[in-house]
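Visitor: Could you zoom in on the packing inside this one? I'd like one connected walk through who touches what, not a list.

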Amino acid sequence: MGAVMAVPMPGNPLAYPFDRPGGDFVVAEGGIVQSGGMGHVEVLPDGPDGQPRVRLSGDGRFSGRTPLLAAGSNAAPERLAAKLSGLGDPRLAARAVRLPGLAAVAAGHIAAYGVLPATLAVLPGAAAHLHVLLVTPEQLAAFDASEALGRHYQRRVLDHPALPFGPVLFYRAVSGVFAPDGAPLAFESLNTRKDGGALHDEAAMMEKLGRWAGLGGTAAGLSEKLRGDAGLRFRLRFKMAEQ
């Protein structure tokens, strides 16, 4: 089981998955340094660990990177700054992708800051609008720690025909999805749907969680309560597993 990294809490947890650029971007210490097309990505032979490897053509700073799909807040510069703070190389490139048939949906557990985080799920009629991050081994280790690898998430490989440069790593929730009405709750800011299905923001999901669990109250009140009560977060995870 991986280590859990202490990451600063977001200022407004109900803003999850937080503001993300609409297209490709590059970040360094201090925030976004380039927005827009980031050039051609070349696929390299898999690394000795069997993980996919890529590089940006003509930019040696981004050679031998691992492509990692950000299905939740990991493409938000605010959270990237919190998770990657203090690393030797803070530079990170991100390619925007659209993945038909998949959706970023509410996971079946509560994040430490009191909201429902995202996981990836198959959802016909939907398309997930996400980013693939090109990360160093040190950055990947930091993401593993922040995602509580082995406890909250498993790291898996995704191969999808719409991925621009082949398979990528992604985090899948160990707890599965939260589906109080029998269907996953898709995030409004991360997905589109052509089937007329519902999309939700974090506040609406938390209100659904409160009603489903019999806790009532407002989304903000429930989030605050969950932030301060690890035992309640665990009990809700156990209850969600029985859906």
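**Inside the packing**

Guide: Sure. In this predicted model, Leu69 touches Val97, Leu99, Leu120, Leu130, His131, Val132, Leu158, Val168, Leu169 and Phe170, leaving aside residues up to four places away in sequence. Zoom out a bit and you land in the largest nonpolar core, which has 43 residues. Leu69 is among the members that touch the most other members, along with Leu99, Leu116, Leu130, Leu158 and Leu209. As for who supplies this core, the elements giving two or more residues are strands E6, E7 and E9 plus helix H3 (202-213), helix H4 (219-227) and helix H5 (230-240). There's also a second, separate core of 21 residues, including Phe25, Ala107, Val135 and Leu169. So Leu169 turns up twice here: it is a contact of Leu69, and it belongs to that second core.

Next, helix H2, residues 137-146. Seven of its 10 residues are buried, so the rest of the structure largely encloses it. The buried ones are Gln139, Leu140, Ala142, Phe143, Asp144, Ala145 and Ser146. Their cover includes strand E5 (66-70), helix H1 (77-84), strand E6 (92-106), strand E7 (118-135), E8 and E9. After H2 comes Ala148, with a positive phi near 50°.

Now the rings. Counting ring centres within 6.5 Å as a pair, you get five aromatic pairs. One of them is Tyr16 with Phe187, a tilted pair at 5.5 Å centre to centre with 55° between the planes. Tyr16 sits in the segment before strand E1 (25-28), while Phe187 is in the loop between strand E9 (168-173) and strand E10 (191-193), so this pair ties together parts that are 171 residues apart in sequence. Both Tyr16 and Phe187 are buried.

Another pair is Tyr153 with Tyr171, edge-to-face at 6.5 Å centre to centre, with 70° between the planes. Tyr153 belongs to strand E8 (residues 153-158) and Tyr171 to strand E9, so the parts being tied together are 18 residues apart in sequence. These two tyrosines, Tyr153 and Tyr171, are buried as well.

Back to Tyr16 and Phe187 for a second: ring pairs link them with Phe18 and Tyr113 into a cluster. And if you like cation-over-ring geometry, have a look at Lys239, which lies over the face of Trp212 at 5.0 Å from the ring centre.

Key:
Residues numbered from 1 in each chain as written. Predicted model: local features only at pLDDT ≥ 70, side-chain atom pairs only at ≥ 80, totals over all residues. Heavy atoms only, no water. Phe/Tyr/Trp six-rings, centres within 6.5 Å; stacked < 30°, edge-to-face > 60°. Helix = DSSP H or I, 4+ residues; strand = E, 2+ residues; numbered from the N terminus. Buried < 20%, exposed > 50% of the residue type's maximum accessible area, 1.4 Å probe, protein only. Lys NZ or Arg CZ within 6 Å of the ring centre and 35° of its normal. Contact = heavy atoms within 4.5 Å. Core = buried A, V, L, I, M, F, W, Y, C linked by side-chain atoms within 4.5 Å.
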